[in-house]
Amino acid sequence: MNKRYVMKTIAELQYDLENDYTETKLFDDISRAEKLFGKDVPAIHDCVEEVQHFNGTIRRNAQIVVDLLEVALSEQASLSYDLVDFQIDDHEFNKLVEQAFQYYKEARIDTATEKIWDAFERIKTFYKQYDKKGSITKLIDIVSKNNAEYREMVEEEFTSLTKRGNDFRIRHHETNKKDICCKEHYDYLFHRCIAVLRLVTSVLRENSLNENG
């Protein structure tokens, strides 16, 4: 989302709410917000639909849209990665990362963590000519760039993240899985996983450019 446009929309909504502008003007405001940011903040659609179907809900929903945009702006500021940097030659992986980013922006950190872990499991099989174990080995070899100490570190990180995914209720919810008790722990796991994916995708993108160049 364009930060300047979001801040402008928030300011317009707040001004119209504070100055008791007509319902028509407020509806124009939230309709514009839906058009500009509905894809990034789907909950705005719900606000517009409620206003269309129930009289007397316009002011409450206008305030909800303000709150949603402020949360989205805050979450966007805290996620310091650019989605385009994760794009590789794997449509399903790209889709999972995009979903993870979207859920993170919506403050649905548990679902965001689940999706980013799905992406981690997906990228392990990037080299389709190998089985999963062979693909992981090749990935780690490429990422480490023939540096033995770095390879050991990357391999340890892959192993650790795999263990966390198996032990905790991230992707699996059997009764023997450990609960993640708070948002802060989800946030830690999300960023730890995404940092590894950022490393791997940057090297894969670099190799792709070299091969095609």
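# Reading cores, salt bridges and buried polar residues

Author: In this predicted model, the largest nonpolar core has 36 residues, and those with the most contacts inside it are Ile-116 and Leu-197.

Reader: Which helices each supply at least two residues of this core, and which helix gives the most to it?

Author: A core can be read by asking which elements of the chain contribute to it. Here helix 5, helix 6, helix 7, helix 8 and helix 9 each supply at least two residues, and helix 9 gives the most, with 10 residues. Leu-197 shows what such a position looks like in detail: leaving aside its neighbours within four places in sequence, Leu-197 is in contact with Phe-86, Phe-93, Ile-116, Ala-119, Phe-120 and Ile-123. Apart from this core lies another, of 20 residues, and among them are Val-6, Leu-13, Leu-26 and Ala-72.

Reader: Turning to charged side chains, how many salt bridges does the structure hold, and where do the partners Asp-85 and Arg-198 lie?

Author: The structure holds 14 salt bridges. In reading any one of them, it helps to take the spacing of the atoms together with the places of the two partners in the chain. Asp-85 forms a salt bridge with Arg-198, with the closest N and O atoms 3.8 Å apart, and this pair links distant parts of the chain, since Asp-85 is in the loop between helix 4 (58-78) and helix 5 (91-105) while Arg-198 is in helix 9 (residues 183-212), 113 residues apart. Both ends count as partly exposed, Asp-85 at 24% relative accessibility and Arg-198 at 25%.

Reader: What does the salt bridge between Lys-132 and Glu-121 tie together, and is Glu-121 buried or exposed?

Author: The closest N and O atoms of Lys-132 and Glu-121 are 2.9 Å apart. Lys-132 lies in helix 7 (residues 132-144) and Glu-121 in helix 6 (residues 109-123), so the pair ties together parts that are 11 residues apart in sequence. As for accessibility, Lys-132 is partly exposed, with a relative accessible area of 39%, whereas Glu-121 counts as buried because its relative accessibility is 13%, and the cut-off for buried is under 20%.

Reader: How many residues apart are Asp-167 and Lys-163 in helix 8?

Author: For a pair within one helix, the separation along the sequence is the thing to look at. Asp-167 and Lys-163 are 4 residues apart in helix 8 (residues 148-167), and are therefore separated by about one helical turn. Their side chains meet in a salt bridge of 2.8 Å, N to O. Asp-167 is partly exposed, with a relative accessible area of 22%, and Lys-163 also counts as partly exposed, at 46% relative accessibility. Elsewhere in the list of charged residues, salt bridges that share partners join Glu-12, Asp-16, Lys-25, Asp-29 and Arg-32 into one network.

Reader: Within that network, where is Asp-16 found, and which residues does Asp-16 touch beyond those up to four places away in sequence?

Author: Asp-16 is found in helix 1 (residues 3-18), and Asp-16 is buried, with a relative accessible area of 3%. A polar contact of 2.7 Å joins its side chain to that of Lys-25. Not counting residues up to four places away in sequence, Asp-16 touches Tyr-21, Lys-25, Leu-26 and Asp-29.

Reader: For a polar residue without charge, what does the side chain of Asn-61 reach, and is Asn-61 buried or exposed?

Author: With a buried polar side chain, one looks for the atoms that it meets. Asn-61, whose place is in helix 4, is buried, with a relative accessible area of 2%, and its side chain reaches the backbone oxygen of Thr-57 at 2.9 Å. Leaving aside neighbours within four places in sequence, Asn-61 is in contact with Cys-47, Glu-50 and Val-51. Asn-55 offers a contrast: Asn-55 is found in the loop between helix 3 (43-53) and helix 4, and counts as exposed at 81% relative accessibility.

Reader: Finally, where is Ser-135 found, and which residues is Ser-135 in contact with, leaving aside its neighbours within four places in sequence?

Author: Ser-135 is found in helix 7 and counts as buried, at 0% relative accessibility. Leaving aside its neighbours within four places in sequence, Ser-135 is in contact with Lys-124, Thr-125, Phe-126, Tyr-127 and Tyr-130. One of these, Lys-124, is 11 residues from Ser-135 in sequence and 6.2 Å away in space, C-alpha to C-alpha.

Note on methods. Residues numbered from 1 in each chain as written. Predicted model: local features only at pLDDT ≥ 70, side-chain atom pairs only at ≥ 80, totals over all residues. Heavy atoms only, no water. Buried < 20%, exposed > 50% of the residue type's maximum accessible area, 1.4 Å probe, protein only. Polar contact = N/O pair within 3.5 Å; in protein donor to acceptor, adjacent residues only side chain to side chain. Contact = heavy atoms within 4.5 Å. Salt bridge = Lys/Arg side-chain N within 4 Å of Asp/Glu carboxyl O. Core = buried A, V, L, I, M, F, W, Y, C linked by side-chain atoms within 4.5 Å.
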